Amino acid sequence: MTPGALIAALAGGLIAAGIACVAAFAARPAPAPAAPPSRWRTMVARWRITPRAAVAAAGAGLAVLLITGWPVAGIAAVPAVIAVPRILSRRPARARIARLEALESWTRRLADVLAASRGLEDALTHSAANAPAPIAGPVTALAADLRSRTGTEEALRAFADAIDDPVGDLIATALMLAADRRGPGVHAVLTELAADVAKDVGGRREVEAERASYRTALAWIVAFLLSYTAYLVLRRSYSAPFGTPAGQAVLATVAGCYAGALYCLHRLSLTAGPQRFLRRSPAAAAPAPAPEPGTPVRQP
């Protein structure tokens, strides 16, 4: 056998082995993805991107690239379009305050209804008729769970997950204890909880007013960056060095510094609060798998 034929045979064998390895890897069942850390899960949930936001960011990046001809500017525009409106928005803090106010009002009404000697489950079911708008969805779901004969504790845990706030966990825990004890002191406990929630709302409003100064500084910085960017686009003679590879590297460094500074200011504008303590276990949240046909069922 000539050396050329030997090399060809060896190459054919390697190609066949590679195809076999790829086929074996494709036929292997995919492993279950590992659960991400809680911090990463929280960040992904906070910065989830809607299709509309993704399209707007991609369009902005393409427009900046076509206008300036700078790849770094086009890439930097994509996360900026997604992050800057959320950083400057006060809607999440206002929505949380409105949800707490709704919880306080709903708890007071529930305490008054329970004082009239109405059962807890009955009071919770009828509270969906006049629930405040910020918590109307969770209260309606709670009433539906109780009507479908779901356990009171499980329904209240689902309600706390829907509220997704430590105050909601506290109220749900008090209601679960009231469902177990059935004592006459439920009215007093819920009234005290409502008073505490009202104080919490007042404190959050004060903190939000203090944090507003950081958001104002963020708005001024963003306005300056937009004005400077417009100046660079209009004055091509001044911004010509940014079109070179070295200029692109400098532009990437400057964009990274501004992004880090904006993120630090955004962290200062956030209000850190207590973490939730009442969560449903995955086994309770997920339905039990059905037994396979032919599997004997053990009786308790």
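**Exercise 1. Work out the order of elements in the chain, starting from the N terminus.**

Step 1. Walk along this predicted model from the N terminus: the elements run α-α-α-α-α-α-α-α-α-α-α-α-α.
Step 2. Now count by kind: the chain has 13 helices and zero strands.
Step 3. For the overall setting, look at the 300 residues of the chain, of which 26% count as buried. The chain exposes about 19500 Å², with carbon and sulfur atoms supplying 67% of that area.
Step 4. Finally, take the contacts between residues at least 6 apart in sequence: 71% of them join residues at least 24 apart.

**Exercise 2. Check what span helix H4 (residues 71-88) should have, and find where H4 bends.**

Step 1. H4 has 18 residues, so at 1.5 Å a residue a span of 26 Å is expected.
Step 2. Compare this with the model: the end C-alpha atoms of H4 are 26 Å apart, which agrees.
Step 3. Follow the helix to alanine 80, where H4 bends by about 35 degrees.
Step 4. Pick out the buried residues of H4: Val72, Ala73, Gly74, Ala77, Ile82, Ala83 and Ile87. A general point helps when you view such a list: an α-helix has 3.6 residues a turn, so residues three or four places apart point the same way.

**Exercise 3. Decide whether threonine 68 is buried or exposed, and find what it touches.**

Step 1. Locate threonine 68 in helix H3 (residues 51-68).
Step 2. Its relative accessible area is 12%, and the cut-off for buried is under 20%. Threonine 68 is therefore buried.
Step 3. Look for a polar partner: a polar atom of the threonine 68 side chain lies 2.6 Å from the backbone oxygen of valine 64.
Step 4. Leaving aside residues up to four places away in sequence, threonine 68 touches Ala73, Val233 and Arg236. Ala73 is also one of the buried residues of H4.

**Exercise 4. Describe helix H8 (residues 152-163) and what comes just after H8.**

Step 1. H8 has twelve residues and reaches 16 Å from its first C-alpha to its last, close to the 16 Å expected.
Step 2. List its buried residues: Thr152, Ala155, Leu156, Ala158, Phe159, Ala160 and Ile163.
Step 3. Step just past H8 to aspartate 164, which takes a positive phi of about 60 degrees.

**Exercise 5. Place glycine 185 and give its distance from alanine 111.**

Step 1. Glycine 185 sits in the loop between helix H9 (166-181) and helix H10 (186-234).
Step 2. At 39% relative accessibility, glycine 185 counts as partly exposed.
Step 3. Glycine 185 and alanine 111 are 74 residues apart along the chain, and 10.0 Å separates their C-alpha atoms.

Note on methods:
Residues numbered from 1 in each chain as written. Predicted model: local features only at pLDDT ≥ 70, side-chain atom pairs only at ≥ 80, totals over all residues. Heavy atoms only, no water. Helix = DSSP H or I, 4+ residues; strand = E, 2+ residues; numbered from the N terminus. Buried < 20%, exposed > 50% of the residue type's maximum accessible area, 1.4 Å probe, protein only. Contact = heavy atoms within 4.5 Å. Areas by Shrake-Rupley, 256 points an atom, 1.4 Å probe, with all protein chains shown as cover. Expected span 1.5 Å × (residues − 1). Bend = angle between axes of the 7 residues up to and from the residue. Polar contact = N/O pair within 3.5 Å; in protein donor to acceptor, adjacent residues only side chain to side chain.
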